[in-house]
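Colleague: I would like to learn how to read a model of this kind one feature at a time. Could you take me through the cysteines, the core, the charged pairs and the aromatic rings?

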Amino acid sequence: MPLRLPALDPMTGHQISPLTAAALCVKPRGQMTDRQIVNVDVLKAASGEFTTMRQLAMRFRGLLRGGTVEKLDAWLGDARQCGIFEMRRFAQTLRQDIGAVRNAMLESWSNGQAEGQNNRLKTLKRSMYGRAGIDLLRARVMPLHEPG
């Protein structure tokens, strides 16, 4: 997301990093500190692309938290036409698995906890560099308990 003008943090005078801009792009204003709010306003003034990206990101967040499928279709159309390559690519990726996206909007449950534990286990096993026999892996994964 290239900025046309350098967006400077008023408190430090340093340029706002792309990583910070990305984080601010998806963070709701109500969850921001005063400094973050000022930086979002600076980024909006410096870049129309940031403004568009933030609007689309906030709309998408709202959709996932209780929007309708019809609004998703409108959002996908807006994202495709926004002129920002990254957002168009994101919308295209969502369309590739639109059934899962719609289910995420419609269903109240998620398999996020199971996927998180799966990811944790795989990370742990990879960190053991092939020494993860079942006994060692069980010892690392299972909580310790004292004999009663």
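Modeller: Let us begin with a cysteine: Cys 25 has a relative accessible area of 5%, and therefore counts as buried. Please keep in mind throughout that this is a predicted model.

Colleague: How many disulfides does the structure contain, and why is Cys 25 not bonded to Cys 82?

Modeller: The general idea is that a disulfide joins the sulfur atoms of two cysteines covalently. In this structure the count is 0 disulfides. The cysteine sulfur closest to that of Cys 25 belongs to Cys 82 and lies 11 Å away, which is too far for a bond because a disulfide requires the two sulfur atoms to be within 2.5 Å. Cys 82 is likewise in no disulfide, its nearest cysteine sulfur being that of Cys 25. As for its surroundings, Cys 82 is partly exposed, with a relative accessibility of 23%.

Colleague: Before we go further, which element has the lowest mean pLDDT and which the highest?

Modeller: pLDDT is the predictor's own confidence in each residue. For the protein chain the average is 84, and 91% of the residues score at least 70. Among the elements, helix H8, residues 134–141, has the lowest mean, 75, whereas H5 has the highest, 94.

Colleague: Now the interior. Which residues touch the most other members of the largest nonpolar core?

Modeller: A useful way to read a core is to ask who belongs to it, who has the most partners in it, and which elements supply it. The largest nonpolar core here has 26 residues, and those touching the most other members are Leu 43, Phe 50, Leu 72, Trp 75, Leu 76, Met 87 and Leu 94. At least two residues of this core come from each of the helices H1 (18–26), H2 (34–46), H3 (48–64), H4 (69–81), H5 (85–96) and H6 (98–106). H3 gives the largest share, with 6 residues.

Colleague: What do individual members of that core look like?

Modeller: Take Leu 43, which sits in helix H2 and, because its relative accessibility is 0%, counts as buried. The C-alpha atoms of Leu 43 and Leu 24 are 9.3 Å apart in space, while the two residues are 19 apart in sequence. For Leu 72, if we set aside neighbours within four places in sequence, the contacts are Phe 60, Leu 63, Ile 98, Val 101, Arg 102 and Met 105.

Colleague: How many salt bridges does a search of the whole structure find, and where do Asp 9 and Arg 35 lie?

Modeller: With charged pairs, I look at the distance between the atoms, then at the places in the chain that the pair connects, and then at the exposure of each partner. The search finds 4 salt bridges, one of them between Asp 9 and Arg 35, whose closest N and O atoms are 2.5 Å apart. Asp 9 lies in the segment before H1 and Arg 35 in helix H2, so this pair ties together parts that are 26 residues apart in sequence. Asp 9 is buried, at 6% relative accessibility, whereas Arg 35 is partly exposed, at 39%.

Colleague: What can you say about the pairs Asp 41 with Arg 29 and Asp 78 with Arg 59?

Modeller: The side chains of Asp 41 and Arg 29 meet in a salt bridge with an N to O distance of 2.8 Å. Asp 41 is in helix H2 and Arg 29 in the loop between H1 and H2, 12 residues apart. Asp 41, at 37%, is partly exposed, and Arg 29, at 35%, is partly exposed as well. Asp 78 and Arg 59 also form a salt bridge, 2.8 Å from N to O. Here the partners lie in helix H4 and helix H3 respectively, so the bridge ties together parts 19 residues apart in sequence. Asp 78 is partly exposed, at 35%, and so is Arg 59, at 36%.

Colleague: Finally, how many aromatic pairs are there, and which residues form one aromatic cluster?

Modeller: For ring pairs, one reads the distance between the centres together with the angle between the planes. The search finds 3 aromatic pairs. The rings of Phe 60 and Trp 75 have centres 4.8 Å apart and planes at 40°, so this pair is tilted. Phe 60 belongs to helix H3 and Trp 75 to helix H4, 15 residues apart, and both residues are buried. Trp 75 also pairs edge-to-face with Phe 90, at 6.1 Å between centres and 85° between planes. That second pair links helix H4 with helix H5. Trp 75 has a relative accessible area of 1%, whereas Phe 90, at 34%, is partly exposed. Phe 60, Trp 75 and Phe 90 together form one aromatic cluster.

Methods. Residues are numbered from 1 along each chain as its sequence is written. This is a predicted model: local features need pLDDT of at least 70, side-chain atom pairs count only at pLDDT 80 or more; totals for chains, interfaces and linings use all residues. Side-chain values use heavy atoms; hydrogens and water are left out. A nonpolar core is a set of buried Ala, Val, Leu, Ile, Met, Phe, Trp, Tyr and Cys residues joined through side-chain atoms within 4.5 Å. Buried means under 20% relative accessible area, exposed over 50%, partly exposed in between (1.4 Å probe, protein chains only). Helices (H or I, at least four residues) and strands (E, at least two) are DSSP runs, numbered from the N terminus. Contact means heavy atoms within 4.5 Å. pLDDT is the predictor's confidence in each residue, from 0 to 100. Rings of Phe, Tyr and Trp (its six-membered ring) pair if their centres lie within 6.5 Å; planes under 30 degrees apart count as stacked, over 60 as edge-to-face and the rest as tilted.
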